[in-house]
Amino acid sequence: MAHNLRVARSHAGTACVFAVVKANAYGHGLSRARRALAAADGFAVLTLEEAANLRLMGVEQPILLLEGIFGADEIATCAELDLWPVLHHVTQLDWLQQQPPARPIQVFLKFDSGMHRLGFPLAEHAAIVARTKSLSGLAGMTLMTHFAQADEAAGVDWQLQPFLREMGGHGLPWSSANSAALLRYPESQGAWVRPGLMLYGASPFADVSAEQLGLRPAMTLQSEIISVQTLQSGEGVGYGQLFRAERAMRVGVVACGYADGYPRHALTGTPVLVNGRLSRTLGRVSMDMLCVDLSACADANVGSPVVLWGDGLPADAVAAAAGTSSYELLCALAARGPVMDTN
Ligand SMILES: *Cc1c(COP(=O)(O)O)cnc(C)c1O
């Protein structure tokens, strides 16, 4: 992660970097991520609980609450722990008006430039900025938006240009870039960038690999073979017998299943590394086990290591084969597996 943060910073120019560590740092563990990402200028999370945990761990940098406050009762904690809420709805402005923070806090005002998920309509910017400025207990504000297609051919221009055009007159700092925008559109930097996925070593783009972007996987999901079966031609393996052997073959049973966070919908042919050699899954993934093809792994046996993704096997490749994204793969990693620190 520390390496990937340096890559992010090299793209960020003069912008400050919020390391996005929501969803248990995309499955990597909040405390591990905070250690590896200690050089970030700030951290971005979803909940007060995550933010409070970061403060308990000794984080002194700014902490951004990506969805802001969920009730007026959270304002006091923001002031106490110096958390920076994103304000995206008038209800939140009402709460702040009714219960001004005891100590001035920084806020991020989020505008909807086309994603149509969170944010004030761009067209209302003058009134919203003016109303926010009139609130007491605010130390300053940054204007923010979020991209819907930064990782696709459509890009960010259709959102960024209207955002900058409308916001330009306020003379306030701004923030827009997620990983994909940071990597591809230097004009989207603003004062703060907000990379998440890239810090964990996965690529946000379908057509550019993490390696091509200079990123290194921060997580390796590894297990081992706990049984070896020999199938005869026509015999099937696993629930539903979804895979049937066309000739006699050896099959390795791996101690990893969907209860560990491996995608259940990964079909026969999803890549795995057995003894460091590329192979494929066979049949349906079960709760605690999955099967792999040992046809080309004569040396593999009970105890042989199996990498499900990570070092030597990008999560993106597994995600693509399983019809999902590396975001979902990493976040779904279950807490039951033992974890080793590598950086
Ligand atoms: C999750 C999130 C990010 C990080 O996105 P990545 O694609 O993982 O880099 C940035 N900004 C906001 C508002 C987010 O919710």
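In the predicted model, 13 residues surround the ligand, and those that come nearest are Lys22, Tyr26, Ser179, Leu197 and Tyr327. By class, this shell consists of seven nonpolar, four polar and two charged residues.

Three of the nearest residues also have a polar atom close to a ligand oxygen. The side chain of Lys22 places an N or O atom 2.6 Å from an oxygen atom of the ligand. For Tyr327, a side-chain N or O atom likewise lies 2.6 Å from a ligand oxygen atom. At Leu197 the backbone is involved, with a polar backbone atom 2.8 Å from an oxygen atom of the ligand. The ligand on its own has 390 Å² of accessible area, of which the protein covers 92%.

The ligand occupies the second largest pocket of the model. The volume of this pocket is about 590 Å³. Its lining comprises 28 residues, and those nearest the pocket centre are Lys22, Tyr26, Arg117, His146 and Asn178. Three elements, α2 (22-26), α9 (179-184) and α11 (326-331), each give two or more residues to this lining. The largest share, three residues, is supplied by α2. In composition, the lining of the second largest pocket has 17 nonpolar, five polar and six charged residues.

Lys22 and Tyr26 thus appear in both descriptions of the site: both are among the residues that come nearest the ligand, and both are among the lining residues nearest the centre of the pocket.

Definitions and conventions: Residues are numbered from 1 along each chain as its sequence is written. This is a predicted model: local features need pLDDT of at least 70, side-chain atom pairs count only at pLDDT 80 or more; totals for chains, interfaces and linings use all residues. Side-chain values use heavy atoms; hydrogens and water are left out. A residue is near a molecule or strand if one of its heavy atoms lies within 4 Å of it. A polar contact is a pair of N or O atoms within 3.5 Å; within protein, one must be able to donate a hydrogen and the other to accept it, and residues adjacent in sequence count only if both atoms are side-chain atoms. Accessible areas come from the Shrake-Rupley method with a 1.4 Å probe; for residues, only the protein chains shown count as cover. On a 1 Å grid over the protein atoms alone, a cavity is a set of points where a 1.4 Å probe fits but cannot get out, and a pocket is an open set with protein on both sides within 12 Å along at least five of seven lines; lining residues have an atom within 4 Å of a point. A molecule sits in a cavity or pocket if more than half of its atoms lie within 2 Å of its grid points. Ala, Val, Leu, Ile, Met, Phe, Trp, Tyr, Cys and Pro count as nonpolar, Asp, Glu, Lys and Arg as charged, and the others, Gly among them, as polar. Grid points are joined across faces, edges and corners, and a volume is the space filled by probe spheres set on the points. Helices (H or I, at least four residues) and strands (E, at least two) are DSSP runs, numbered from the N terminus.
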